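Q: Please show me how the features of a structural model are to be read, beginning with its empty space.

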Amino acid sequence: MDFMSLNSLEIGVPAKGLVHSVETCGTVDGPGIRYIVFLSGCSLRCKYCHNPDTSFVRRGKEMTAEEVLADIERYAGFLKGSGGGVTLSGGDPLFQIEFSRAILDGCKKLGLHTALDTSGALGADADDAYLSLVDLVLLDIKAGVPATYRATTGGDLDPTLEFSQRLAKLNKKVWLRYVLVPALTDSEENVKRVAEFASALGNIERVDVLPFHKIGAYKWKELGLKDPLAGTPEPTSEAVAHAKAIFSAAGFSCVK
């Protein structure tokens, strides 16, 4: 094996954090086969969230970065052989900035490809040193119209746009994700604004238009929370095709 053993590494930061769960054979959150660490905590409250159980930092298992990396090391050869690596997701990994930094640092020392799955809302907390540990950003731009962004997430759009522009200046590879929700994020103006903004960045390798789904609807009920989109249908295939066409007109070939 051409990667370093964890025993030979100096992780340096005895960081602790809350891990909601892990997936050892992910295939959609970055290239190849991925070890995905879902971290607890998020600054947004997206109406279409399919992991509302990760939104609150108190939900999760306390672990050290060393413990997380010890488990990742078990799969390191397999991940490298598949052209894959490790993806930090959530929640939002930037919500636990030092914990996620320590995990990313250890992954790079193990010779693994790294991906960061984020909304970019907390992008200002990630300095250039942090981003140097990230090979790929899976960026979820949730809306292009500021009022729609706030209605969808409860937050402001500007931090995500500013983070996106920073990534472009750093020439950081980005896969853009856009969740299409009927009567919420599916207006032509909203999709077009995201597509036009993304086309000016120059570092977007891939665009995924993701149809809203109800896979995580049961979690809202389990948490005793009202599902804000309980009555919202999944988008039609025609609506998804139209959104993809808008991105295509902006110069992107949508993978999904």
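Q: Which strand gives the largest share of the lining of the largest pocket?

A: Rolling a probe the size of a water molecule over the atoms shows where empty space is left. In this predicted model, the largest pocket holds about 920 Å³ of space. Its lining counts 31 residues, and those closest to the centre are His50, Asn51, Asp117, Arg177 and Leu210. Two or more lining residues come from each of strand S5 (113–118), strand S7 (173–180) and strand S8 (204–211). The largest share, three residues, belongs to S8.

Q: How many nonpolar, polar and charged residues are in the lining of the largest pocket?

A: The lining of the largest pocket divides by class into twelve nonpolar, ten polar and nine charged residues.

Q: How many cavities of 30 Å³ or more does the structure hold, and which residues are closest to the centre of the largest cavity?

A: A cavity is read apart from a pocket, since a probe fits in a cavity but cannot get out, whereas a pocket is open. The structure holds one cavity of 30 Å³ or more. The volume of the largest cavity is about 80 Å³. It is lined by 13 residues, of which Cys49, Phe212, His213, Trp220 and Asp227 are the closest to its centre. By class, this lining has seven nonpolar, three polar and three charged residues.

Q: How many aromatic pairs are there, and what is the geometry of the pair that Tyr35 and Tyr75 form?

A: A pair of aromatic rings is described by the distance of the centres and the angle of the planes. The count comes to three aromatic pairs. In the pair of Tyr35 and Tyr75, the centres are 5.6 Å apart and the planes stand at 55°, a tilted arrangement. Tyr35 belongs to strand S2 and Tyr75 to helix H1 (residues 65–81), so this pair ties together parts that are 40 residues apart in sequence.

Q: Is Tyr35 buried or exposed, and which residues is Tyr35 in contact with, leaving aside its neighbours within four places in sequence?

A: The class follows from relative accessibility, where under 20% is buried and over 50% is exposed. Tyr35 therefore counts as buried, at 1%. Its ring partner Tyr75 has 22% and so counts as partly exposed. Tyr35 lies in strand S2, which spans residues 34–39. Beyond its neighbours within four places in sequence, Tyr35 is in contact with ten residues' worth of partners that include Val22, Ile72, Tyr75, Leu79 and Val86. As for Leu79, its C-alpha lies 7.6 Å from that of Tyr35, although the two are 44 residues apart in sequence.

Q: Which residues do ring pairs link into a cluster, and which residue lies over the face of Trp175?

A: Tyr178, Phe247 and Phe252 are linked into a cluster by ring pairs. Over the face of Trp175 lies Arg206, at 4.2 Å from the ring centre.

Q: Where is the place of Leu180, and is Leu180 buried or exposed?

A: Leu180 has its place in strand S7. With a relative accessible area of 0%, Leu180 is buried. Its contacts, leaving aside neighbours within four places in sequence, include Val191, Val209, Leu210, Phe212, Pro235 and Ala243. A separation is read in the same manner for any two residues: Leu180 and Ile72 are 108 residues apart along the chain, and their C-alpha atoms are separated by 33 Å.

Q: Which peptide bond is cis, and what is the phi of Asn171 and of Ala183?

A: Most residues other than glycine have a negative phi, and most peptide bonds are trans. The bond from Gly90 to Gly91 is cis, with omega near 20°. Gly91 lies in the loop between strand S4 (85–89) and helix H2 (97–109). Asn171, which is not a glycine, has a positive phi of about 55°. Its place is the loop between helix H5 (158–169) and S7, and at 60% relative accessibility Asn171 counts as exposed. Ala183 likewise has a positive phi, near 65°. The loop between S7 and helix H6 (188–199) holds Ala183, which counts as exposed at 78% relative accessibility.

Technical notes
Residues are numbered from 1 along each chain as its sequence is written. This is a predicted model: local features need pLDDT of at least 70, side-chain atom pairs count only at pLDDT 80 or more; totals for chains, interfaces and linings use all residues. Side-chain values use heavy atoms; hydrogens and water are left out. On a 1 Å grid over the protein atoms alone, a cavity is a set of points where a 1.4 Å probe fits but cannot get out, and a pocket is an open set with protein on both sides within 12 Å along at least five of seven lines; lining residues have an atom within 4 Å of a point. Grid points are joined across faces, edges and corners, and a volume is the space filled by probe spheres set on the points. Helices (H or I, at least four residues) and strands (E, at least two) are DSSP runs, numbered from the N terminus. Ala, Val, Leu, Ile, Met, Phe, Trp, Tyr, Cys and Pro count as nonpolar, Asp, Glu, Lys and Arg as charged, and the others, Gly among them, as polar. Buried means under 20% relative accessible area, exposed over 50%, partly exposed in between (1.4 Å probe, protein chains only). Contact means heavy atoms within 4.5 Å. Rings of Phe, Tyr and Trp (its six-membered ring) pair if their centres lie within 6.5 Å; planes under 30 degrees apart count as stacked, over 60 as edge-to-face and the rest as tilted. A charge sits over a ring if NZ of Lys or CZ of Arg is within 6 Å of the ring centre and within 35 degrees of the ring normal.
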